[in-house]
Every structure is written in structure tokens, then in C-alpha cells.
Amino acid sequence: MIDGSILIGGSAIQRDVKFRAHEAASGEVIGPEYSEASQADVENACAKAAIASEPFGALEPALRAAFIDAVADQILAIGDELIEVAMAETGLPRTRLEGERGRTVGQLRMFAAEVRHGRWLDVTIDPAMPERVPPRADLRRMNIPLGPVAVFGASNFPLAFSVAGGDTASAFAAGCPVVVKGHPAHPGTGELIARAIRSAVQSCGLPEGVFSYLPGSTNGLGGALVADPRIKAVGFTGSRSGGLALVEIAHKRPEPIPVYAEMSSINPVVLMPAALAARAEALGAAFIGSLTLGAGQFCTNPGLVIALDGPDLDRFVASASAALAAAPPPVMLTPGIHAAFTAGVAALDGNAAAKRIGAGALFETTATQFIADRSLGHEVFGVSSLIVRCTDMNEIAQVIAELEGQLTATLQIDPADIGDAAPILSLLQAKVGRVLANGWPTGVEVTHAMVHGGPFPATSDGRTTSVGTLAMTRFLRPVCYQDLPDALLPPALQAANPWKLRRRVNGVQEPA
């Protein structure tokens, strides 16, 4: 049941100050009034999270994994109501949201399996060497959770990057309680998921402070959450301005904390000459398929195309223009996102270095102009992209060298391009977290090997990922225990190995 409550631990709270949800396609008010969480609610949620931190962090892996699986079960138990509410609030189609629900549940189950395996603990033991001169102490190391984590729901993925999305799942897996600041664009969806997580907390007998949900429409709410001294890390997906504002708050605290913010990316696509010559028309159509997916509201949207000028690129442009003209006009997630898209397109229209192609928001420029004007490389969140015409491979390399950090880069490549591609790849991998060949960047697979991150400003910390099991490391830190009595050691480091983990002893991995 959705009633607009703030969910703090096991309590459902109503406040006098309210906000409303809107139907994405029409702008009409929908659903109940939603309570605006207050400073007192932030303090209450963070206090409960702090109390839950030690017992939840010390939980046996099998029990924490069971909880994460229970969250997945509870989300599925919501049924079709979740899809219908999300469709109304976001304007996203049923098939997209059903797929996103599957991804959300799938990544929860993946993290549960990773927790059971125990490799995230990185248990390492170097036994004492009393006979050595000088003697070596007994040294035992493992990862422990940072503590309560603040998670910000994303606008463009109401399930997979929101209340029970990758940040929450990876924080739970690491043993960290979570306080979620719900996104105001889809509060009904957020409350349904939050109630599912709360049910899992209760059914597993965990401390109530393991999870809280704070709905609200103000930036001040998020700022208060990041500023609370009990919060030890932040997960955020959103705009560059929003992410940097949180980074600034976190760094000004008496105890600065890490903010893992995914913020801005234009995801360059490099069309290598042989591939372009062989497949120009097909590449143009496929490019528009990626560009228009989800109304272009993906952080991996292909917002930049780099290629050699000439007839082959003309063929690509003609094909892309035709495909874009045939694409139906999409519904954007919120009025604010639409306004930002309109402003971004207007800025390109007003820039003499950018030439609009056809009726859609597709533009082109030259390498020289792109290198001279950094504003041409700014993200336009929506169905808009810029094609950069280069005179030779050296100019392609210069354009790449001038790029900011990105989430992805794509090479469209044929066998004849291999020789030219090697130095281009070297440049790209220094700029991005994921390099693709002969694919399109939209669509991020949830696997152990995935990296969804990249150098600034794609993220605030290019050493991390927000997708895949490596995301857990954001919320862990190593601790070494020297010469502690066995009875005082965490179970993972005790001689009897009660959790039956694979451990590295004297540099050698124990057998499974």
C-alpha cells in the first residue's frame, strides 16, 4: 500500500509538509500526497543506522545473503502494481520496466551469491615466524564495512539505480546499513520498493536501522543526509552539478567521507575507416537505435561520434538522419529533464561551430572546432548527439585526447582497421571505464567483470564501479589484526575458519 509515508526502520511516519507525484506523459497529479522528510527524520534514520551497523556488519555471510535474496523475493511479490505505478510516474513502457525489475532482482541475487562465496572479505593470513630474525608477528587482514551509507535514487532508472538498485545492493552486500533519499519523480515506485526492503529486514530478524527511506523534493534533504556524521559513504547517480554539490558537502565535514557519484558522460563512438566504408548505412541506423533508446535518457547515451570526413561518413549521416526522422517523439522523465535537454539543444543551435543535421537534435562539427570549443563536449541528456568530422587519424587521436573522462567508448572496427585502432585504443582506455567493439554503449550487463564508472567527470572516483560485484569495494575498508588472541579475532580470521572461507595463507590461496 502506498500512503506517502516516510519509512524509518520499522516506523511509518507522516509529516504536514507534502509533495505530489505527476504522470510523466500528461503532467497530471497522481497518487497520494507524500510526506517531506525533515532534518529530524534524517537524524532519526541515521541514528538507527548507526545502531544497526555493528551487528549487521558482523553478520555471517550466509545470513546476510539470505536477507539480500529476501529483498529480491519481496520485490517480486509486489507484482504488477510496481510496473503500473512506475509506468505512470516515469512514462517508461511496460517492457522496459519489466526488464528493469528483472535486472534489479538479478543483481540482488548476484550480490547474495557473492556474499556467500566470501571472496569480498579478501581474507589474508601471514602466520607468525618466531624463529625468524627479527621475528615476524602474526598478521591477519580482512575487509570490514565502512558503516551507514546514504544512497540517492536516480531519475532515469526507477528500479535498477534507485531504492533497491546497485548502490543499495552493494552496500547491503558489504554489510552497511542504507538510508535512501528517494527521488521525487517517482515516489510511489520508491515507496513500494522501500516497503519491500523493510519487509525483508523484518522477516530476517535484522535490526530495524538496516534500512530507512526518506522521500522528499528538496536539495536540502540530500545535503542534510550527506552531512550527518553517522553516514560513512554516499552512492549517487545524477547530474554533474548535483554530484559535485554532494562531494563538496562531504569534503567539508569534520570527517570527510567518500562520495561515489556517477555524473556525466557523452560516450564517444569512433567509426574506424574500414568499418565505416563497409557498413555506413547499417551503422547509421544502429546508432540512432541506441541514441533514441529510453528517450536518450541513459548515462551511456552515444552523444559523440568521431570519424574521418568523406563520402562514407556522408552515407552514415544520411542513414542516421533518416532513422532519427522516423523515430516517434518520446516522453521524457520529468519537466526538469526536458527543460535541460531543450537548453542543451538550444546552446548547440546557437553555436556557430555546430551545424544541425535534419529535423532532430543531431549536429556535426569539425575536429578543429571541437578541440577549440570545450562546450561542444558538454552532455545533452536526451536524444541528441554530435558528429565530429576529422581529416585523418591524427585528428581523431587529437579529439580523443581532448575528451573529459567518460563511462564508455565504442570502436566500430573491421579487421582492416586493427593497425590504426591500436593507438586509438590506448588513448580511449585512459579516458573511460569500458571500451566496446562493434556494439553500442546503451545497456550495461550486470556481471562480475562489468565496470560502470570512469575518470572524472564520468564519476567522482574513477577507480570504482557502480555495477557488478566490484561495486562492493566502495563500501569496505581493510583492517589488519596483529598478534590478537584467536578468541578476539573475527570469525573469518580465526584458526578454525568457522565460516569455511577460502583464505590466502602465506601468499598461497587455500583450495576450495
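The chain has 14 helices and 21 strands, where helices (H or I, at least four residues) and strands (E, at least two) are DSSP runs numbered from the N terminus. This is a predicted model, in which local features need pLDDT of at least 70 and side-chain atom pairs count only at pLDDT 80 or more, while totals for chains, interfaces and linings use all residues. Residues are numbered from 1 along each chain as its sequence is written, and side-chain values use heavy atoms, with hydrogens and water left out.

**The whole chain**

Begin with the full C-alpha trace, which spans about 75 × 65 × 40 Å along its principal axes. The radius of gyration of the chain is 25 Å, close to the 24 Å that the globule rule gives for 512 residues, so the chain is as compact as a globular protein of that length; the radius is taken over C-alpha atoms, and the rule is 2.2 Å times the number of residues to the power 0.38. Now colour by accessibility: buried residues make up 56% of the 512 residues, where buried means under 20% relative accessible area, exposed over 50%, and partly exposed in between (1.4 Å probe, protein chains only). If you display the surface, the chain exposes about 19800 Å², and carbon and sulfur atoms supply 58% of that area, as computed by the Shrake-Rupley method with a 1.4 Å probe, with only the protein chains shown counting as cover for residues. Among contacts with a separation of 6 or more, 75% are accounted for by residues 24 or more positions apart, a contact being heavy atoms within 4.5 Å.

**An open sheet**

Next select strands 19, 6, 5, 20 and 21, which in that order make an open sheet of 5 strands with mixed pairing; two strands pair if DSSP finds at least two bridges between them. Strands of a sheet pair through backbone hydrogen bonds, either parallel or antiparallel. The edges of this sheet are strand 19 (476-482) and strand 21 (508-509), each of which pairs on one side only. Inside the sheet, look at strand 5 beside strand 20 (residues 504-505), a parallel pair joined over 2 bridges. Which residue of strand 20 is the bridge partner of I125? Select V505, and you have that partner on screen.

**A strand covered on both faces**

Move to strand 12 (residues 268-271), where P268 and V270 on one side and V269 and L271 on the other are all buried, so that both faces are covered. In a regular strand the side chains alternate between the two faces of the sheet. Add strand 13 (residues 304-308), which pairs with strand 12 in the parallel sense over 4 bridges, and find I306, the bridge partner of V270 in strand 13.

**Charged pairs**

Side chains of opposite charge can pair when their charged atoms come close. A search of the whole structure finds 28 salt bridges, each being a side-chain nitrogen of Lys or Arg within 4 Å of a carboxyl oxygen of Asp or Glu. Select D122 and R141, which form one with their closest N and O atoms 3.0 Å apart. D122 lies in the loop between helix 4 (94-117) and strand 5 (124-126) and R141 in strand 6 (residues 139-145), so the pair ties together parts that are 19 residues apart in sequence. D122 is partly exposed, at 33% relative accessible area, and R141 is partly exposed as well, at 25%.

For a second pair, select R463 and D461, whose side chains meet in a salt bridge at 2.8 Å, N to O. Is R463 buried or exposed? R463 counts as exposed at 72% relative accessibility, whereas D461 counts as buried at 14%. A third pair joins E255 to R253, with the closest N and O atoms 3.7 Å apart; here E255 is partly exposed at 38% and R253 is buried at 7%. Then select D69, D73, R109 and R116 together, since these four residues are linked in a network of salt bridges.

**Cysteines and a last stop**

A disulfide is counted when a pair of cysteine sulfur atoms lies within 2.5 Å, and by this rule the count comes to 0. Select C176, which is in no disulfide, and its nearest cysteine sulfur, that of C46, is 13 Å away. C176 is buried, with a relative accessible area of 0%, and C390 also counts as buried, at 1%.

Finish at A47 in helix 1 (residues 39-57), a partly exposed residue at 26% relative accessible area. Between the C-alpha atoms of A47 and V226 the separation is 14 Å, although these residues are 179 residues apart along the chain.
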